[in-house]
Each structure stands twice: as structure tokens, then as C-alpha cells.
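Please open the structure in your viewer and keep the sequence panel beside it. The tour below proceeds by selection: each stop states what to select and then what is found there.

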Amino acid sequence: MKNYLGEAMNEKFELQEYLTKGVERIVGEAVRATLKNPRESAFMLKFAAASRIASKRRRKAEDNGEHIPPFLIASITSKCNLHCAGCYSRCNHATVDSEPVRQLTDAEWLRIFDEADEMGISFILLAGGEPMLRRDIIEAAGQKQNILFPIFTNGTFMDERYLELFDKCRNLIPVMSIEGNREQTDSRRGSGIYDKLISNMDEFRKRGLVFGASVTVTTHNYKEVTSDAFINSLSEKGCKAVIFVEYVPVTDESRELAPGDVQREYLMNEIQRMRKERPEMVYISFPGDEKSSGGCVAAGRGFFHINSHGGAEPCPFSPYSDINVKDTSLREALHSPLFTALRSSDILLDNHDGGCVLYQKKAQVESLLKL
């Protein structure tokens with residue numbers, strides 16, 4: 001999570017100030033994007049106030065020598081019903097078909113959400129597997145109105161009960177994965193998925209519910225998914241946020257799909273243009289241009305990841321852990337030996353050929369686990 005957090009500092013890079021401004025920017029854009037929806041706009045204004053309080057908590061911690069990131073990624077299940085082409089999570093064996101064992105309970109996740117709120121974390125991205133398989137946890141997240149929960153979903157489990165929950169709990173925002181048009185989406189995610197997503201979007205629009213879209217950006221589709229035609233199609237359906245996720249190669253054969261410097265520069269230029277010309281939606285890029293954020297913001301610099309079994313990991317693309325939140329607090333996990341070593345080393349600041357620096361330098365990350 002880089003470029004969308006704000007502009008680079010000109011002199012000494014100050015991460016906490018950079019991230020705080022980034023959060024304010026995201027919230028401000030979200031408020032503007034929901035002005036035509038009174039109920040959603042009212043919630044976003046309340047969340048903006050809560051976000052300012054959270055920023056003050058993080059600033060106080062920073063002044064006391066402790067850095068707290070504003071974002072957390074929570075993979076609340078390892079089970080998924082789809083087999084998307086090139087899925088990094090399946091390649092890492094973090095996603096499976098069978099019912100997971102010993103994964104965190106809804107009570108344990110609610111405890112994590114409570115601790116995150118106390119620490120000043122404003123955004124928790126719910127992921128998986130397919131997160132909507134864990135209705136219990138999503139219902140628990142709805143109780144934490146000070147935190148915004150984008151839910152990264154394939155959209156296949158949307159039903160009346162979920163629609164009613166999203167209407168009641170406006171801090172829960174489904175972010176549905178779509179790869180472009182019907183052919184592009186179905187070729188990666190499976191036949192009929194595109195039509196299901198469009199049906200979901202139509203239902204959200206009819207009910208006045210906010211949703212976002214997640215787009216995997218590759219060297220093959222980076223121009224298509226930033227085109228006016230594609231953005232228009234999402235806007236017309238009522239989409240309020242588009243998250244562009246740069247493809248991270250999971251095999252040597254798939255490396256050519258990962259955007260390089262040329263494609264990443266094109267993507268960021270288009271995002272800046274869309275922010276000016278199409279303010280009805282929020283545009284986010286992940287990981288984005290690390291040069292503007294002083295390096296990768298994983299491992300607790302800007303966010304960290306809790307997997308479905310409680311392991312604290314630098315990032316979903318770097319599934320290494322030396323501590324589990326079943327045995328410790330969220331705050332202690334944030335200061336694990338692995339996270340501390342990564343933040344104090346130059347790995348997060350290293351140059352690399354697009355994609356994820358921790359994935360490309362996994363041998364160095366693995367070596368830190370042996371220290």
C-alpha cells in the first residue's frame with residue numbers, strides 16, 4: 001500500500017505522518033464518493049471522526065518510540081470454493097479446498113479487532129481464502145464501528161442475509177474481484193463468475209449499498225482495466241472504490257505477468273488522472289510505487305498480516321511467521337523478532353523488478369527466521 005497513501009516527503013521521510021495523511025486522504029475521498037448516499041455519507045463522517053482519534057493514538061505511540069500501522073490484513077479462512085488461475089495463496093498452500101482445522105474462532109478474531117481498535121488501527125482488510133465463508137467473523141466485525149472492514153470476496157456467497165448485514169453495518173464494505181470484461185474474468189475465475197458479480201452489483205445499487213471492486217493488474221490487462229470504458233462500467237453500477245492489485249508471480253513461468261516499471265508508471269499516472277477526473281470513486285493501488293513511501297510498508301511499517309491460523313506475517317505474499325496471536329497479543333505480534341529484523345534491515349528498502357520485494361527476496365526473509 002504505497003502511492004495512494006499520499007505524496008512522498010521531500011526531505012527526511014517521516015512514515016507515521018505520511019500514513020496519517022494517507023488515511024485522511026482515503027477517508028476524505030470516501031466521504032466525497034458517498035455524498036449522494038445520505039446513510040453511507042453519515043457513516044463515513046462518523047468514521048472520519050473515529051479515524052482522527054485513531055491517528056492521535058498512533059501519534060502518541062510514535063512519540064513514545066512505538067510505531068503502529070493504520071492497516072491490518074486478516075485472512076479469516078484458508079478455504080475457498082474457486083481455483084483462480086495463478087492464485088498466490090494456493091501456490092503457498094495458504095488456501096485449500098477442505099475445511100480448515102485449528103483456525104482462529106470468531107471470539108479470537110473479535111479479540112484481535114478489539115486490540116486493533118485500542119492500538120489505533122483504522123482499517124482491517126478481511127481476506128481468505130473466501131472470507132464470506134466465515135459469516136460469524138464478518139458479523140463480529142460489524143460490531144466494531146470505529147474500524148472500516150473492506151471484505152475481499154469472489155462474490156459467490158452473496159445472499160439476502162449478507163445484504164441485510166451490509167445495510168445494517170456500514171463499516172463492512174464488500175470488495176468484489178473482477179478482472180475486466182466477462183471473458184477476462186471467467187477465464188481466470190471460472191465460468192459464470194462475471195455474471196454473478198454483475199448481478200451482485202445491480203442488487204447493491206438497487207438497495208443503496210456501497211461496494212468496491214478489486215482488479216488484478218498484469219502486463220496483459222493493465223491498459224484495459226484502467227480504460228474509461230471499464231471504469232465507466234463500474235461507476236454506472238454504483239461502485240465506490242477500485243483497488244488495483246499488481247500481480248505477484250507465483251512461479252518462474254508466471255513472472256512475465258508481473259507489471260514492470262513501465263506498466264506500474266502507467267498505472268499510477270492513470271490513477272492520478274482518475275482521481276482528478278472521476279472523483280465519484282476512490283482509487284487505490286497495491287503495492288504501488290514503493291519509492292514514494294520510503295520502501296515497502298509491510299512487516300508493520302504500514303500494515304501486517306494475520307493468517308487464518310493466527311500466524312503474524314509481514315504480508316500475504318510473504319507467508320513467514322515466528323509468532324502466533326493465539327499465544328500473544330496483537331501488539332506483541334507486531335514487535336515479533338522477524339518484523340523487527342525486517343524493519344531494521346534494508347530488505348524493505350531494496351530495489352527490485354516490480355511486484356513484491358519480500359517475495360523476490362524470500363531467501364533473505366527465510367534467513368532471518370533462523371537467527
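A residue is called buried if its relative accessible area is under 20%, and exposed if that area is over 50%. Please bear in mind throughout that this is a predicted model.

**First stop: the cysteines.** Select Cys-84. Is this residue buried or exposed? Its relative accessible area is 15%, which is under 20%, and therefore Cys-84 counts as buried. Now select Cys-315, which has a relative accessibility of 3% and so is buried as well. How many disulfides does a search of the whole structure find? The search finds zero. Return to Cys-84 and add Cys-80 to the selection: the sulfur of Cys-80 is the nearest cysteine sulfur to that of Cys-84, at 6.2 Å. A disulfide requires the two sulfur atoms to lie within 2.5 Å, so Cys-84 takes part in none.

**Second stop: helix 2.** Select residues 38–63, which form helix 2. This helix has 26 residues, and the distance from its first C-alpha to its last is 38 Å, close to the 38 Å expected. Colour the buried residues of helix 2, among them Phe-43, Met-44, Phe-47, Ala-50, Ser-51 and Ala-54. In an α-helix there are 3.6 residues a turn, so residues three or four places apart point the same way. Then select Gly-65, which follows helix 2 and has a positive phi, near 90 degrees.

**Third stop: a pair of strands.** Select strand 1 (residues 71–75) together with strand 2. The two strands run parallel and are joined by five bridges. To see one partnership, select Ser-75 and its bridge partner in strand 2, Ala-127. Next, select strand 2 alone, residues 123–127; five of its five residues are buried. Which residues of strand 2 point one way, and which the other? Phe-123, Leu-125 and Ala-127 point one way, whereas Ile-124 and Leu-126 point the other way. In a regular strand, side chains alternate between the two faces of the sheet.

**Fourth stop: a loop residue.** Select Asn-221, in the loop between strand 5 (212–217) and helix 9 (228–237). Asn-221 has a relative accessible area of 7% and is therefore buried. Add His-83 to the selection: Asn-221 and His-83 are 138 residues apart in sequence and 20 Å apart in space, C-alpha to C-alpha.

**Last stop: two packed helices.** Select helix 12 (residues 337–344) and helix 14 (residues 362–369). Their axes are 9 Å apart, and the helices pack at an angle of about 130 degrees, which means that helix 12 is oblique to helix 14. The crossing of these two helices is right-handed.

How values were computed:
Residues are numbered from 1 along each chain as its sequence is written. This is a predicted model: local features need pLDDT of at least 70, side-chain atom pairs count only at pLDDT 80 or more; totals for chains, interfaces and linings use all residues. Side-chain values use heavy atoms; hydrogens and water are left out. Helices (H or I, at least four residues) and strands (E, at least two) are DSSP runs, numbered from the N terminus. The expected span of a helix is 1.5 Å times one less than its number of residues. Buried means under 20% relative accessible area, exposed over 50%, partly exposed in between (1.4 Å probe, protein chains only). Two strands pair if DSSP finds at least two bridges between them. Axes are lines fitted to C-alpha atoms, for helices over the stretch in contact, and angles run from 0 to 180 degrees between N-to-C directions. Angles under 35 degrees count as roughly parallel, over 145 as roughly antiparallel, 65 to 115 as roughly perpendicular and the rest as oblique. A crossing is left-handed if the near helix is turned anticlockwise from the far one by less than a right angle, and right-handed if clockwise.
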